[in-house]
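Subject: Structure handover and findings

Hello,

Please find the structure below, followed by notes on what was found in it. The notes go by region.

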Amino acid sequence: MLKAGRTQTLTVSRTTEHGIYLADEEQAEVLLPNRYTSLADKVGDRKEVFVYHDSEDRLVATTEQPLLRVGEAGYLRVVDKTAHGAFLDWGLHGKDLFLPNRNQQGGILIGHSYVVYLYEDNVTGRCVATTKLKSFVNNDPITVAERQRVTLLVASESEIGYRVIVENRHWGMLYRNQLFRPVAVGDRLTGYVRRITGDNRIDVSLQQTGYVQVRDTAGELLQLLRDNGGFLPLNDDSSPEEIARLTRTSKKVFKRSLGVLLKSGEAETTPEGMKLRNNG
């Protein structure tokens, strides 16, 4: 069925002067305005569109992809405020996302960006944002597993690292001493679940662990060598800081990955650094 805030694949059912109508399997229709159509569109075609409410509270479709969909968290910029709430840029032409006053936690300023969650209002059916995340992001129950690859949204920073939203539904922690690249609030990252504690805390990392991490890092190191003319000023004696700056990994993982390349004969080391072998 047609619901706001979702990307759906619908069928062209008829054309009008204002655009084409798309229908779902129950033959409910929604208008795709002329702005998003082409002369090649014809009845029976299948089109992937995003459905939302326009300013007159009508369901409408667009081929644009929003920054957020229902059930997702994101980092959106405030573009306007009224007596009733704020409006956020969510990537759709001529349509901003409403953040009602009741859903705001702390001060909201125009031009600033905030971590929000997008949900469907159960009364109006409209897409609404909230900065009050507790009802939507929690760790009871946890639905991810250790070593699982996950999506991360960096939500806040502390002395020990960054609090992240895992898979749009859980809180996790990305520790500063395990980071080998710059990270900022609002970043969307791919990470891995390192550990789930007995009290339902989730620790995450930007790198896989064990052999898989070493194998993948060895491949990245080999490509880095190729991209830099076959030489990198790094070897076993290089400082952890320099290794992290150039490879975005720890010295321990670098040494193990370098060992893989040395063993395979794809690279060799010199007092100045590492380089590709002739067959590399």
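To start with one position: Asp-80 is placed in strand E6, which covers residues 73-81. Please keep in mind throughout that this is a predicted model.

Asp-80 is partly exposed, and its relative accessible area is 37%. The cut-offs behind that word are 20% and 50%: under 20% counts as buried and over 50% as exposed, so a value of 37% falls in between. Apart from neighbours within four places in sequence, Asp-80 is in contact with Ala-86, Phe-87 and Ile-110. For scale, the C-alpha atoms of Asp-80 and Lys-255 are 51 Å apart in space, with the two positions 175 residues apart in sequence terms.

Asn-101 is the other single position I looked at. Asn-101 sits in the loop that runs between strand E8 (95-100) and strand E9 (113-120). With a relative accessible area of 39%, Asn-101 is partly exposed. Once neighbours within four places in sequence are set aside, the contacts of Asn-101 are Ala-83, His-84 and Gly-85. One of these has a specific geometry: the side chain of Asn-101 reaches the backbone oxygen of Ala-83 at 2.7 Å. Thr-37 is 64 residues from Asn-101 along the chain, and their C-alpha atoms are separated by 36 Å.

Next, the pocket. The largest pocket holds about 620 Å³ of space. Its lining consists of 30 residues, and those nearest the centre are Tyr-52, His-53, Asp-54, Ser-55 and Lys-95. Which strands supply at least two residues each to this lining? They are strand E3 (29-33), strand E4 (46-53), strand E5 (59-62), strand E7 (85-92), E8 and strand E10 (127-130). E8 gives the most, with five residues.

E4, one of the strands in that lining, is mostly covered, as six of its eight residues are buried. E4 has antiparallel pairings with two strands described here. With strand E1 (residues 6-16), the pairing runs over six bridges, and Thr-11 stands opposite Arg-46 of E4. With E5, E4 pairs over four bridges, again in the antiparallel sense; Phe-50 has Thr-62 in E5 as its bridge partner. E4 and E5 also form a hairpin with five residues between them, and Asp-57 in the turn has a positive phi of about 65 degrees.

The last region is an open sheet of three strands, in the order E16-E18-E17, with antiparallel pairing. Strand E16 (231-232) and strand E17 (267-270) stand at the edges of this sheet with a single partner strand each, so each has one side without a neighbour in the sheet. Helix H3 (residues 251-264) packs on the sheet and touches E17 and E18, and its direction makes about 120 degrees with that of E17.

E17 and strand E18 (residues 273-276) run antiparallel and are joined by four bridges. Thr-270 stands opposite Gly-273 in E18. The hairpin that joins E17 to E18 passes through two residues.

Regards

Methods. Residues are numbered from 1 along each chain as its sequence is written. This is a predicted model: local features need pLDDT of at least 70, side-chain atom pairs count only at pLDDT 80 or more; totals for chains, interfaces and linings use all residues. Side-chain values use heavy atoms; hydrogens and water are left out. Two strands pair if DSSP finds at least two bridges between them. Contact means heavy atoms within 4.5 Å. Axes are lines fitted to C-alpha atoms, for helices over the stretch in contact, and angles run from 0 to 180 degrees between N-to-C directions. Buried means under 20% relative accessible area, exposed over 50%, partly exposed in between (1.4 Å probe, protein chains only). A polar contact is a pair of N or O atoms within 3.5 Å; within protein, one must be able to donate a hydrogen and the other to accept it, and residues adjacent in sequence count only if both atoms are side-chain atoms. On a 1 Å grid over the protein atoms alone, a cavity is a set of points where a 1.4 Å probe fits but cannot get out, and a pocket is an open set with protein on both sides within 12 Å along at least five of seven lines; lining residues have an atom within 4 Å of a point. Grid points are joined across faces, edges and corners, and a volume is the space filled by probe spheres set on the points.
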